[in-house]
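User: Please take a close look at the cysteines in this model and explain how their pairing is decided. Please then describe the surroundings of one serine.

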Amino acid sequence: MRRRSFLKAAAATGLAASAGAFLTTRRAAVAQPSEVLAAFPDKFVWGASTSSYQIEGAVTAGGRGPSVWDTFSHSFGKVANGDTGDVACDHYNRYAEDVDLMAKAGMNAYRFSVAWPRVQPTGTGPANAEGLDFYDRLTDALLAKGIAPWPCLYHWDLPQALQDRGGWTNRDIAGWFTDYAQLVAARIGDRAKHWTMLNEPSVHAIFGHGLGGHAPGMTGKGNYFKAIHHQNLAQGMALKALRAAGGGKGWQLGTVLSLQPVWPVGGLDANYAASLMWDAVWNRACLDPLLRGEYPELLRDGFAPLVKAGDLEAIRQPIDFLGINYYSRMHQQPDPAGLFGTGYGSPPEGTPTTGMGWPVEPDGIAEILIELKQEYGNPPVYVMENGAAYPEQTGPKGFVQDNDRISYLRRHMLAGHQALEEGVDLRGWFVWSLLDNFEWAEGYQRRFGLIEVDRQTLERRPKASYHWYADVIRKKGVPTSV
């Protein structure tokens, strides 16, 4: 029986003991790779991901307008230590150095996001040529080094001018986004062939519009529903428009979702309903409309007032690939104070955690990949984000020996390889992240990068994980032991 079906049955019948046995069996099945080099296909894509506000800096350069994250990070108490993305990693000025570092590691793809306020400072109207010039230069620099550009059109930095008009709670944004997408594709689409529409729309809706911990800082279930539906609609409209414009250009079109398996805390029957609800909120609210043309049953009443005739057909557009971001499972239990009556609980006893406090459960990535094969038609999949933040110290010779990160990446790649062996159409892996960056509300205190960025000098220093990843790429495989 498939995981989701079993959990539904368990919630209805109280089969807690059997559910626990099922979940334990699945974990064991995907956590035991053979003790040989786990080889990936020759055409497998190896890359890294970043996002514009987290690394670019130069927030007033080239006519860029303010974004919601400029506003949010400059609001007292919103971001740890008062950090902002004003400078970030200064990728806007130092991109050539960063491209060189990717090339030296052997990466053949780079997923970056385009800053909407660079392209349209007020969110609508003609393109800002100087803003597009930057992505022109970046695209050319990547191709010169044999690295395929994978632009993502939206990674949370909405123009503040559009937020002032309601942002993602305003249905009109679907058209605004589609116009913006076409402007970017018209400029670099002769060279960039792989396009992702959105990054993690559910996370943006939950934390930016439901809970208020991310920009634009809105709260409430109503705003969550609006942000989800209008992102889904914008994504569908943009996919349709780009597919129409890209005939003969060889474009591959997709999007990126955060997909994290949700388990009931302790495997207890009392927690199953909460796990199913959060699974719908986090995973299915974007996955099901895109691939099935429907919202999950648990949330349909909330979406009903927003869905107009033709919306679900507009959202369910064909895609050439699905990008997924995976960091950990989510363990849920009832919580009356939660956005949807659920809350986070403890993972199984003995589960290690990252510096973010997130459980390290590599088999979860195999779980979600296999579920995509079993329940969603086995779409071509790229892991677009996978990585971890740990406490780090730079050694006396200026080198970070980040063994915890290496272990995390190795174990997750091995789990991905297991899914590949089970028939999942997994085609590539992008590590999060290339650089230590501005980590949203955590500021600069959480480091996910393969490359250290000195906060005073902005000097780049590759970590041990960077060299380890370069070795994986060179060998086209992951060692099964340290």
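Analyst: A disulfide is a covalent bond between the sulfur atoms of two cysteines. Here, a pair of cysteine sulfur atoms is called a disulfide if the two atoms lie within 2.5 Å. The model is a predicted one, and by this rule the number of disulfides in it is zero.

The distances explain this result. For Cys-152, the closest cysteine sulfur belongs to Cys-286 and is 13 Å away, which is too far for a bond. From the side of Cys-286, the closest cysteine sulfur is that of Cys-152, again at 13 Å and too far for a bond. As for their surroundings, a residue counts as buried when its relative accessible area is under 20%. Cys-152 has a relative accessibility of 0% and is therefore buried. Cys-286 has a relative accessible area of 3%, so this cysteine is buried as well.

The serine to consider is Ser-258. Ser-258 belongs to strand E6, which covers residues 252-258. With a relative accessible area of 3%, Ser-258 is buried. The side chain of Ser-258 takes part in a polar contact of 2.8 Å with the side chain of Gln-260. A polar contact of 3.0 Å also links the side chain of Ser-258 to that of Trp-282. When residues up to four places away in sequence are left out, Ser-258 touches Glu-200, Ser-202, Val-203, Trp-282, Asn-283 and Asn-325. Trp-282 is thus named both among the residues that Ser-258 touches and as a partner in a side-chain polar contact.

Definitions and conventions. Residues numbered from 1 in each chain as written. Predicted model: local features only at pLDDT ≥ 70, side-chain atom pairs only at ≥ 80, totals over all residues. Heavy atoms only, no water. Buried < 20%, exposed > 50% of the residue type's maximum accessible area, 1.4 Å probe, protein only. Helix = DSSP H or I, 4+ residues; strand = E, 2+ residues; numbered from the N terminus. Polar contact = N/O pair within 3.5 Å; in protein donor to acceptor, adjacent residues only side chain to side chain. Contact = heavy atoms within 4.5 Å.
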